[in-house]
Protein chains: 4
Amino acid sequence: MQLGVIGLGRMGQIVVDRTLEAGHDVVAFDLDAEAVATAADAGADPAESMEDLVDRLGDGKRIWLMVPAGEAVDATLEELEPHLDADDVVVDGGNSYFEDSVRRAESCPAAYLDCGTSGGPAGAELGFSLMVGGPEWAYEELAPVFDAVATGPDGHERMGPAGSGHYVKMIHNGVEYALMQAYGEGFELLHEGRYDLDLESVASVWNNGAVIRSWLLELCEEAFREEGNDLGTVADRVEGGSTGTWTVQEALEQEVPLPLIYTALAERFGSRADDGRFSRRLANRLRYGFGRHEVPRRE
Amino acid sequence: MQLGVIGLGRMGQIVVDRTLEAGHDVVAFDLDAEAVATAADAGADPAESMEDLVDRLGDGKRIWLMVPAGEAVDATLEELEPHLDADDVVVDGGNSYFEDSVRRAESCPAAYLDCGTSGGPAGAELGFSLMVGGPEWAYEELAPVFDAVATGPDGHERMGPAGSGHYVKMIHNGVEYALMQAYGEGFELLHEGRYDLDLESVASVWNNGAVIRSWLLELCEEAFREEGNDLGTVADRVEGGSTGTWTVQEALEQEVPLPLIYTALAERFGSRADDGRFSRRLANRLRYGFGRHEVPRRE
Amino acid sequence: MQLGVIGLGRMGQIVVDRTLEAGHDVVAFDLDAEAVATAADAGADPAESMEDLVDRLGDGKRIWLMVPAGEAVDATLEELEPHLDADDVVVDGGNSYFEDSVRRAESCPAAYLDCGTSGGPAGAELGFSLMVGGPEWAYEELAPVFDAVATGPDGHERMGPAGSGHYVKMIHNGVEYALMQAYGEGFELLHEGRYDLDLESVASVWNNGAVIRSWLLELCEEAFREEGNDLGTVADRVEGGSTGTWTVQEALEQEVPLPLIYTALAERFGSRADDGRFSRRLANRLRYGFGRHEVPRRE
Amino acid sequence: MQLGVIGLGRMGQIVVDRTLEAGHDVVAFDLDAEAVATAADAGADPAESMEDLVDRLGDGKRIWLMVPAGEAVDATLEELEPHLDADDVVVDGGNSYFEDSVRRAESCPAAYLDCGTSGGPAGAELGFSLMVGGPEWAYEELAPVFDAVATGPDGHERMGPAGSGHYVKMIHNGVEYALMQAYGEGFELLHEGRYDLDLESVASVWNNGAVIRSWLLELCEEAFREEGNDLGTVADRVEGGSTGTWTVQEALEQEVPLPLIYTALAERFGSRADDGRFSRRLANRLRYGFGRHEVPRRE
């Protein structure tokens with residue numbers, strides 16, 4: 001099979017590499033010429049422009065977009081669409097908002113697959129987990145590429161119609177926030193608690209047979225091994241949050257309670273209050289108001 | 001009625017003043033001679049020692065303890081107990097742990113009333129809210145004093161047997177934490193949100209007829225009036241937490257969920273993490289682990 | 001002053017009554033002729049249609065809408081707008097979403113005031129708390145009516161430009177959810193805890209001088225007095241949630257953490273899971289999976 | 001090596017089997033003669049009483065207790081202690097409270113190892129994760145048995161002094177509660193959300209390469225495969241909670257915030273409110289109080 005890949009960042013490059021390794025042909029394009037050159041070194045056919053990429057693919061185009069979620073996807077599609085037909089297939093492998101994917105699937109002349117991609121850089125060797133939404137025939141058609149990019153045939157699945165792939169990925173990320181926070185709470189208590197513990201060793205023994213073993217826990221183990229038992233210089237302001245926010249928004253609409261996922265997201269927001277949390281500052285003044293507790297002051 | 005008052009801090013002095021104002025006699029003692037002098041200026045009979053105080057009270061002693069919760073109460077009782085009889089009454093008006101009060105009621109030769117006291121310094125003028133536990137006869141006996149110290153006859157009530165007064169006060173304080181945090185969240189959103197609002201004015205209009213009007217909201221209004229719309233130099237590290245902790249511990253035993261009260265308490269704990277929250281720092285390293293998001297570093 | 005009032009439900013009728021009591025003239029209209037008759041009995045000039053109401057008002061119209069938030073407001077405005085001029089003033093006293101109010105203010109030919117109204121049925125006697133957004137001149141112009149409908153001059157305030165009144169009311173309601181839940185947690189622990197307590201009595205003594213005294217706590221007292229210590233037949237499925245949902249949505253956009261308000265909202269969602277909470281059911285199956293704890297089954 | 005095993009429930013039997021398989025000798029005892037017979041069938045030397053077990057072990061006894069946490073451990077130790085010397089080693093492999101383990105280690109004449117054991121029934125084939133506290137020499141001495149019972153040499157580790165093994169296991173379980181709840185929230189939203197999804201398929205594709213893959217997620221997959229997409233007849237009342245409660249209690253003492261672990265625990269408490277949650281019932285009455293929303297009634 002011949003696959004066009006647009007967007008050659010870290011994730012796009014992995015798609016190129018794994019697709020080539022599986023014996024398929026790849027035509028690669030990125031606005032950054034250096035990224036295209038890297039793909040060419042790996043064996044891809046380098047395209048000079050999106051139009052060039054489309055030309056090289058011929059009929060029955062299969063195109064994988066791996067560009068940042070949001071405007072970049074729309075801009076790419078706008079350029080591609082004049083060249084697309086109903087028997088072409090476009091895969092959006094990025095972290096798009098599912099309602100955008102529904103909208104794009106409706107307006108795209110080609111079959112459109114929204115493909116949630118999870119696994120991070122480790123996916124280079126292991127392959128990704130791919131959650132795919134869109135028409136069944138297009139999913140079947142792309143199966144050989146999905147086999148290559150995913151961990152194998154078990155690493156990809158069609159979730160349902162347009163948008164469902166990114167929907168499942170969105171919720172995956174919401175759960176991810178809560179899992180990270182859950183492990184974080186456990187290790188914070190171990191760290192502050194009454195024993196002097198080696199946290200890498202705790203994580204390691206847990207990863208060998210304990211109920212809570214997981215890939216995230218393996219990353220915890222790596223974190224303590226590489227940063228030390230006190231996490232060295234790692235700061236505590238946590239960025240990010242868009243997929244978590246989407247998850248909570250959807251849960252509000254569905255009236256489904258997500259106390260853990262919400263709290264994990266709110267922790268991030270709280271970590272970014274540079275002037276101190278207003279609610280806590282008010283609490284201090286109220287404690288003075290009713291109990292004459294001294295008001296702590298900023299220096 | 002004649003009342004002995006031991007412990008003449010801010011709250012004890014209010015007990016002395018309000019009892020005197022109601023036409024009762026007060027014998028006052030404190031380890032700090034200056035505090036005793038202040039009470040004497042207000043019209044109390046100054047005692048030179050606890051033994052002296054006991055001597056001046058004669059039979060059917062009524063003694064109000066307003067000393068810090070914990071060891072000070074036990075130390076005071078140890079000194080008093082040789083002088084107490086079954087027809088004496090001791091009131092503990094401090095913030096004692098209810099199980100300590102149960103224990104003290106069992107061992108004290110006098111009738112023992114545990115009296116949760118709420119209202120803060122504003123109680124000087126308005127009177128307090130008093131939640132009393134212990135024998136009914138002793139509660140009835142002290143009613144004239146409770147009338148004086150409380151806002152009036154409606155401001156005190158016998159909750160039940162020994163410990164119940166401090167039990168109800170403990171839970172009062174747990175609720176207080178959550179109310180403060182609830183208002184804090186609202187004002188934080190108003191402060192960070194999309195309008196440029198005068199928070200004193202918001203609090204004021206809410207205090208005039210809105211569903212959420214309350215005394216704590218009046219204190220919010222005062223806070224913005226006195227500290228300014230940005231709360232000036234008020235810092236965000238929040239101390240305290242013992243009664244909240246007791247409330248959560250009791251709820252764990254009773255298997256009653258207290259998500260708001262717990263979260264309000266945990267907010268205080270979190271505000272004291274001087275090196276940054278460990279859980280957040282781990283989250284940053286995990287985000288690198290699975291997504292190669294740059295790890296923020298402390299300077 | 002002459003005021004047109006459209007929408008004569010419980011709240012609209014109170015607006016009519018209080019405005020009349022203050023010596024102003026009222027022209028009243030509702031789709032329900034009976035409601036119009038009630039207003040007429042109270043002294044209002046009954047209108048037969050919206051057009052009729054507009055005709056009776058003459059130039060410099062002042063019109064108060066008290067219709068359900070959402071489509072009813074738009075439908076009313078659509079009918080009114082052909083008759084409105086730049087020197088007319090329309091007040092939306094309902095629970096509208098603030099972004100709708102911004103939009104309406106932009107398109108309305110008259111000056112538009114969004115007016116958050118709090119206080120419930122008790123407002124009939126006490127007056128309401130009114131949070132007003134919109135042009136300053138229009139707010140000043142309506143001040144006499146606001147004085148009458150609110151608790152007095154302190155019971156209304158201009159918060160800022162269009163939308164700010166409903167914005168502040170939205171957050172007021174978010175706080176309200178959390179306060180209700182906070183008191184609920186406290187009384188739940190008192191009810192399930194180790195003493196046999198009279199909850200009306202607890203609420204009463206708290207309302208007399210305690211830090212957490214409030215109007216909501218007075219309603220708690222009323223609840224126990226009227227329903228009994230176990231709340232009799234009151235069920236535990238809690239409806240409502242739109243203003244709380246809006247508050248959380250806005251906080252997500254502003255990246256402000258609202259753990260208590262969110263949790264209080266989520267409690268309502270959780271109370272409506274008729275088939276049991278899916279997350280708990282999964283937890284039971286997982287406990288079997290790793291611990292062979294028997295899976296509880298539905299009958 | 002020769003190991004005495006006391007307590008032959010599901011977990012104890014696995015200890016026996018894995019120790020035998022590794023070529024060691026086992027003397028087995030349980031109050032239930034049938035359990036002893038099962039162990040004998042597997043190749044263990046059956047003991048008729050605890051004294052008999054002790055006699056068969058000779059000097060340098062190594063004894064593994066796998067009895068229910070609490071009084072059963074104390075009762076067993078009381079019977080064993082007259083027969084124990086300083087060169088004997090007792091392992092408590094159950095779910096004991098860490099402070100009990102500290103106390104037992106102090107009073108036990110033998111070296112005492114507290115050993116948190118995780119992995120559940122799946123450990124029969126894979127081996128367990130063992131977190132061990134106590135004297136280093138005793139841990140080294142037992143290493144061959146730990147190698148056999150754990151997943152191998154990586155599956156056990158000495159955490160620190162007495163109590164640290166059960167301390168780490170306690171916090172492991174706290175994290176476990178939060179992870180279960182986090183997955184539960186995700187699947188609840190997927191189940192109630194806007195797509196008709198096959199949850200087994202979602203879990204399967206996540207377990208193949210996604211960031212949130214874990215053993216618990218494999219159990220989710222199994223749950224949907226065996227119970228169906230709606231979890232069939234599984235009920236939503238969740239029992240258990242002791243290790244989670246201990247974790248939260250310890251965190252209260254250490255002043256470490258655990259919002260997710262607490263909330264996961266509180267969810268269980270809430271699931272058991274047979275008469276409905278009191279806080280929600282009060283909320284309904286308050287909503288009537290301030291908004292005249294109809295009070296829902298129980299049938």
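**Chains B and C, and two annotated residues in chain A**

Let me start with the symmetry. Chain C is superposed on chain B by a rotation of 180 degrees, with 0.0 Å of shift along the axis and an RMSD of 0.1 Å. The two copies are therefore related as by a two-fold rotation axis. Within chain C, Ser214(C) has the C-alpha nearest that axis, at 2.0 Å. Both copies use the same surface: of the contact residues of chain C, 100% recur in chain B. Keep in mind that this is a predicted model.

Now the annotation. An unreviewed UniProt entry lists a "binding site" in chain A, and the residues named there include Ser118(A), His172(A), Tyr177(A) and Arg268(A). I will take two of them, His172(A) and Tyr177(A).

His172(A) is in helix α8 of chain A, which covers residues 164-192. Is His172(A) buried or exposed? Its relative accessible area is 0%, and the cut-off for buried is under 20%, so His172(A) is buried. What is it in contact with, leaving aside neighbours within four places in sequence? From chain A there is Ser118(A), and from chain D there are Trp206(D), Ala210(D), Val211(D) and Ile212(D). Ser118(A) is itself on the UniProt list.

Tyr177(A) is also found in helix α8 of chain A. With 6% relative accessibility, Tyr177(A) counts as buried too. Again leaving aside neighbours within four places in sequence, Tyr177(A) is in contact with Gly240(A), Gly241(A), Ser242(A), Thr243(A) and Gly244(A), and also with Ala264(A), Leu265(A) and Arg268(A). Of these, Arg268(A) is one of the residues in the UniProt "binding site" record.

Definitions and conventions: Residues numbered from 1 in each chain as written. Chains lettered and ligands numbered in written order. Predicted model: local features only at pLDDT ≥ 70, side-chain atom pairs only at ≥ 80, totals over all residues. Heavy atoms only, no water. Least-squares fit on C-alpha atoms with pLDDT ≥ 70 in both. Contact = heavy atoms within 4.5 Å. UniProt positions renumbered as here; feature names shortened; annotations may be inferred. Helix = DSSP H or I, 4+ residues; strand = E, 2+ residues; numbered from the N terminus. Buried < 20%, exposed > 50% of the residue type's maximum accessible area, 1.4 Å probe, protein only.
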